[in-house]
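User: Hi! I would like a close look at a single part of this structure, with enough of its surroundings to place that part in the whole.

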Amino acid sequence: SLSKLQLKTGDLDPRLFSRLRHLQKLDLSDNLLDKFPNSLTLPDLRVLNCNNNKLEDVTALKQFPLLEELTYENNVYLTLNDDYKVMFLLENLRLLNGKDITKLANHVRRVNSRKLTSKVTAHWEKFFRDQLPEKYTAEQVKSIKKKFLKSVQTNVVYGPSSLSEFTRWRVKMIAEEFLAYSLGLELNSDTEPEEKMDENEEESTESPREPAEDVAQVGDFSSYISNVTVTPSKRKRNHSKSSSGNKRSKTQANTEEEAALNPRKSSHEDVSAEPLHFLQCHSKGNSREDFKTQLWSCVFEPVLDSGARKDPIVSSSRTVATCGGESVCLIDCETGTVLKKYKVATEEFFSVAWTTLTMVISDSRKKAHNILAAAGRRGIVKLIHVAADFCYGEIKAHKKPIATVCFSPTQETHLFTASYDKRIALWDIGIPDSGYNFTASQLLVLETASVPLRIALVPTCPEQYLLAGCEDGCFAWNIKLDKGQKSRPFEAIFQFPDEESMTTSHRVDGLAFLNDDVVVSKSSKPGCIYLWSWSRSFDAKGKGCQRTMSAVILAELEWSTTDMSYLTLSTCPAREYVFCGDEKGSVWMYNLASHTAAWGSAKGKRSERRISPTQILKWPELRVNGEQPPEILVNNVVTDPAFTYLVVLTSVNITAIWKKS
């Protein structure tokens, strides 16, 4: 409650309010507010009281997409037109000034919008379409746009005259969206600056203060998106350069598409997972027609103050970080809301990882904060303090792209970066002070024989051994820091069954631990995922480096026969599940709870038969502009520790979120 404090608009400091990520009720009644700042954030706000202020405009309230109850009585400048604006802007609004507006709001959002859209398009077809030549100049477009916007606001009339201001507001919005998606014109909104980086800077330990971008939902105009031919880009990640686009408008930046779907029935045993959301929030230049951006990595945010390192279930959260193309997004899996979006126009992000640091940010008190590391094609690690809404620094880790990153589970400042320069580096990212100054240092360099694709720390000894799946094999290193040697060759390479014998030479593009001992790895052998024992395969007592060791296979999982690379796997240790997507948009799910006890015994034998998936989640019949994308590759699939949500990242710029019933 901030009622009766003589507050003016300037007193609402976005830097303070943006930290209140879980605030649900806010009382600002009986103050002197004339408007709302645009960047208060408050992503979880449900109830807002602004009675007895001097508000003149309500459009800034769209930044609170989950708002359910709103009161602003006794603001003399607000009219019935403003009531209609908030009903349109706030999709979850139920109560306005104490009245249930659910039915009226649905009418405003759907019937009213549909009729106005029909009138706007008819006005264009009748009076303006033929004025634009087949080949037109920028000046011609600018001129006709100006005339059309003026004409359409004057001539398109609908509803009572008391709502004429609201109608003009909606007509202008619809007309601008129509022009943007029919002719490819920019929308008239405040533009946002691109992030600019100096490629020749020394390793940065200062605070560039790059604000993360907040993303809100806007009205859907998908029926007027031109038809798209979907051609997924090639599987190579290391050479796809991103050119910097033009400055984008806020309205385009705020677009996240959700599409209608008809889920097909899944095969095998049903674990009752329902599709929740299909989001298109990593588009290059915020284009709705981008179905080429590859999405690569997603990690659930740890819950603060929950004893996260002790109990993974307690630490389960519904917020996930995803990356692909030029952006990193923070998504609420339950609502499908994109809470934050961070963009670097010249980057292509391949990997994200979370850690929790105890920092002194203000008033000299130490507090735990979640930090997100993101890296990709430029070889730079971005460090983002999500709650404070900015990237506080970067580490120039490698001169070639970074394929994957991960934090140590026991040393919260220790970050591993695996790069196309055939090195895996261990960094201490330090802890930023109250001014966000920090010092990063390189502790170790692990030499690899080929490009490392996936890395995993051995759960029983995460400070001693690291495992990596590479372009040409599966390797292990001793990473103990008390061994003087800073640059180290691999200690072991593992050989696996081939068609007739054993081989060490194969691409390992999927790697994760199912429990303390069982490793799950996917290689170039079609149709197969291996489960093998770390403790029985790795001979810790042997002397010397670069030894060849045979992986003790416990079982094979039946999987797709595709030879497509980089479709990685993941595990949910607490629920003893393995997940892997395929080249047809499906997710193969394996419940291995009935097998792990046998494998764990001293004489645990290999399962004779290949283990079939418990269930295959089929890609639903998802249509974009009336068409179904022809080829959908599942690059990655991840669950939260409790297996409540399943997040699927695809090759066609669609993030799919499923929920387990």
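Which residues point one way from β15 and which the other way, and are they buried or exposed? Please take me through the neighbours of the strand as well.

Analyst: Happy to! One thing to keep in mind from the start is that this is a predicted model.

Let's begin with your strand. Ile380, Lys382 and Ile384 point one way from β15, while Val381, Leu383 and His385 point the other way. All of these residues are buried. That split fits a general pattern: in a regular strand, side chains alternate between the two faces of the sheet. The strand spans residues 380–385, and because six of its six residues are buried, β15 is largely enclosed by the rest of the structure. Burial here means a relative accessible area under 20%, and by that count Lys382 and His385 are buried along with Ile380, Val381, Leu383 and Ile384.

Now for the partners. Strands of a sheet pair through backbone hydrogen bonds, either parallel or antiparallel. On the N-terminal side of the story is β14, residues 366–376, which runs antiparallel to β15 and is joined to it by five bridges. One pair to look up in your viewer is Ala373, whose bridge partner in β15 is Leu383. β14 and β15 form a hairpin with three residues between them. In that turn, Gly379 has a positive phi of about 75°.

β15 also pairs with β16, residues 390–396, again in the antiparallel sense, and this time over six bridges. Here His385 has Phe390 of β16 as its bridge partner. These two strands make a hairpin too, with four residues between them. The turn holds Asp389, which has a positive phi of about 65°.

If we step back from β15 by way of β14, we reach β13, residues 349–360. This strand is mostly covered, with nine of its twelve residues buried. Eleven bridges join β13 to β14, and the two run antiparallel. Within that pairing, Trp354 stands opposite Leu372 of β14. So much for the immediate neighbourhood; a few other parts of the chain help to place it.

Further back in the sequence there is an open sheet of four strands, in the order β9-β10-β11-β12, with antiparallel pairing. Its edges are β9 (295–300) and β12 (338–343); each has a single partner strand, so one side of each is left without a neighbour in the sheet. Neighbouring strands of this sheet are turned by 15° against each other on average, direction ignored. Inside it, β10 (residues 319–324) and β11 (residues 327–332) pair antiparallel over six bridges, and Gly324 has Ser327 of β11 as its bridge partner.

Another open sheet of four antiparallel strands has the order β8-β38-β37-β36. The edge strands are β8 (273–279) and β36 (634–639), each pairing on one side only. Neighbours in this sheet are turned by 20° against each other on average, with direction ignored. β36 pairs with β37 (residues 645–650) in the antiparallel sense over five bridges, and the bridge partner of Asn636 in β37 is Leu649.

The helices deserve a glance as well. Two packed helices are described by the angle between their axes and the distance between the axes. The axes of α3 (residues 102–128) and α4 (residues 138–155) come within 11 Å and cross at roughly 125°. That angle makes α3 oblique to α4, and the crossing is right-handed. Where they meet, α3 contributes Val120, His123, Trp124 and Phe128, and α4 contributes Ile144, Lys147, Phe148, Ser151, Val152 and Asn155.

Leu179 in helix α5 (residues 164–183) is another place to look. With a relative accessibility of 2%, Leu179 counts as buried. Its C-alpha atom is separated by 7.8 Å from that of Lys145, although the two are 34 residues apart along the chain.

Finally, the whole chain. It has eight helices and 38 strands, and 56% of its 661 residues count as buried. Among contacts with a separation of 6 or more, residues 24 or more positions apart account for 60%. The chain exposes about 29,200 Å², of which carbon and sulfur atoms supply 48%. Against that background, β15 is a strand with six of six residues buried, paired antiparallel with β14 and with β16.

Terms used. Residues numbered from 1 in each chain as written. Predicted model: local features only at pLDDT ≥ 70, side-chain atom pairs only at ≥ 80, totals over all residues. Heavy atoms only, no water. Pairing = 2+ DSSP bridges. Axes fitted to C-alpha atoms, helices over the stretch in contact; angles between N-to-C directions. Buried < 20%, exposed > 50% of the residue type's maximum accessible area, 1.4 Å probe, protein only. Contact = heavy atoms within 4.5 Å. Areas by Shrake-Rupley, 256 points an atom, 1.4 Å probe, with all protein chains shown as cover. Parallel < 35°, antiparallel > 145°, perpendicular 65-115°, else oblique. Left-handed = near helix turned anticlockwise from the far one by under 90°.
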